Amino acid sequence: MDIRLNHIRCRTLAEAETAAGGEVAAFLREWFSPGDTVSARTSGSTGAPQQLDLRKSDMRASARLTNSFFGITAGSTLLLCLSPGYIAGKMMIVRALEAGAGLVTVAPTSSPLASVGEPFDFAAMVPLQVQQTLDDPETAARLCRITSLIVGGAAVSPALESRLAALPVQAYATYGMTETVSHIALRRIGGTEREYTALGGVRFTLDGRGCLVIDAPHLSGRRWVTNDMVRLAGATRFEWLGRYDNVINSGGVKLFPERIEEALSSLIPARFFVTSRPDERLGERLVLVIEGETWSVERLSALRSRMEAVLSRYERPREMLFLPRFRETWSGKVIRSIDPE
């Protein structure tokens, strides 16, 4: 083992634990064990969390693709501010190992730059971390010292995209999952295009539902059929429409909650999501769920009026509900459920 952790060269697990803590050392112990796989768990945003065995060879191949795209070398410094218990954190360590780059580790808090002020060549954050970082002038200035930033784990809101686009940071939204060993496609934040572009030799097709099928030759030549509905732009680019699981059929009209949420993002200051309830006449009726205390009749009426300017007649929610607090995954992704735990 040979890795630079928090500016200390570590050649043993004991040195790694002293330099970076138990979670990082635990992953390195598994990584340098004789086995060919590493255990990982999914986020649980679309079902119960699952334990997976990922091939180390696939993780190395994924790391090399990312390192090549972002120009990560032995002279680079990477920031690890995500838990090594999940694929995003694991892959940051593997990228550093593959490139021989330095790795600075901080606790996976909502404001990871509060404790570090040095420049970084590359970092990965979830949207909640980016939001919290930008809300504080001191940490926002530190974010500007990151050359390349990838944002994943949950959707990046239009408002957050606008804030990132104004910074001197190369920021990218990622597409991927634990099963594909981190991201397999990227979309530049602040650009004019909405499509994700494949990395390396990854290619895309559609299944009969209109869902994305991924061919990833660098990952042992495997194929994944997803539940993500997309609009293809050739074999290497796609525009994400929403989850097949979330599509609502209301009176024979297919509605994409994620698209409706994007349109409403500038109108609702609180967190919210769009879902459905059974309806005798329509089959499913559209429901808007807002986090926090119930709004006044006047405020709800004003929101309905403003909805008319951004949503079609079919896309306007027929019911509005309020929940005190949303449930969420480790990455801050809202679990779309109006049922109690």
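Aspartate 279 is placed opposite glycine 283 of strand E19, where strands are DSSP runs of at least two residues and helices (H or I) are DSSP runs of at least four, both numbered from the N terminus. E18 and strand E19 (residues 283-291) are paired antiparallel through 8 bridges; two strands pair if DSSP finds at least two bridges between them. Helix H8 (residues 257-264) lies across E18 and E19 and runs at about 135° to E18. Helix H9 (residues 297-310) packs on the sheet, where it touches E19 and E20, and its direction makes about 125° with that of E20. For these angles, axes are lines fitted to C-alpha atoms, for helices over the stretch in contact, and the values run from 0 to 180 degrees between N-to-C directions. The model is predicted, so that local features need pLDDT of at least 70 and side-chain atom pairs count only at pLDDT 80 or more, whereas totals for chains, interfaces and linings use all residues. Residues are numbered from 1 along each chain as its sequence is written, and side-chain values use heavy atoms, with hydrogens and water left out.

The sheet itself is open and consists of 3 strands in the order E18-E19-E20, with mixed pairing. Strand E18 (272-279) and strand E20 (319-323) stand at the edges with a single partner strand each, so one side of each has no neighbour in the sheet. From one strand to the next, the twist averages 35°.

Glutamate 319 is located in strand E20. Because its relative accessible area is 15%, glutamate 319 is classed as buried; the term denotes under 20% relative accessible area, exposed denotes over 50%, and partly exposed lies in between (1.4 Å probe, protein chains only). Apart from neighbours within four places in sequence, glutamate 319 is in contact with Arg277, Arg285, Leu286, Val287 and Leu288, contact meaning heavy atoms within 4.5 Å. Glutamate 319 and arginine 285 are separated by 34 residues in sequence and by 7.9 Å in space, C-alpha to C-alpha.

Leu286 also belongs to the lining of the second largest pocket, together with Ser250, Gly251, Leu255, Leu282, Arg313, Tyr314, Arg316 and Arg318. A pocket is defined on a 1 Å grid over the protein atoms alone as an open set of points where a 1.4 Å probe fits, with protein on both sides within 12 Å along at least five of seven lines; lining residues have an atom within 4 Å of a point. The space in this pocket is about 150 Å³, the volume being that filled by probe spheres set on grid points joined across faces, edges and corners. The lining comprises 4 nonpolar, 2 polar and 3 charged residues; Ala, Val, Leu, Ile, Met, Phe, Trp, Tyr, Cys and Pro count as nonpolar, Asp, Glu, Lys and Arg as charged, and the others, Gly among them, as polar.

Antiparallel pairing also involves strand E10 (residues 182-188), in which 6 of the 7 residues are buried. Strand E9 (residues 170-177) pairs with E10 over 6 bridges in the antiparallel sense, and methionine 177 has serine 182 of E10 as its bridge partner. The hairpin of E9 and E10 has 4 residues between the strands, and valine 181 in this hairpin takes a positive phi near 55°. E10 is further paired antiparallel with strand E11 (residues 196-198) over 2 bridges, with alanine 185 opposite alanine 198 in E11.

Strand E13 (residues 211-216) is likewise mostly covered, with 5 of its 6 residues buried. Strand E12 (residues 203-206) pairs antiparallel with E13 over 4 bridges, and threonine 205 stands opposite valine 213. In the turn of the E12 and E13 hairpin, which has 4 residues between the strands, glycine 210 has a positive phi of about 90°. E13 pairs antiparallel with strand E14 (residues 222-232) over 5 bridges, placing cysteine 211 opposite methionine 229.

Strand E4 (residues 51-55) shows alternating side chains: Leu52 and Leu54 point to one face and are buried, while Gln51, Asp53 and Arg55 point to the other and are not. Strand E3 (residues 37-41) is joined antiparallel to E4 by 5 bridges, and valine 38 has leucine 54 as its bridge partner.

Cysteine 81 lies in the loop between strand E5 (77-80) and helix H4 (87-99) and counts as buried because its relative accessibility is 1%. Beyond neighbours within four places in sequence, the contacts of cysteine 81 include Val106, Pro108, Ala124 and Met125.
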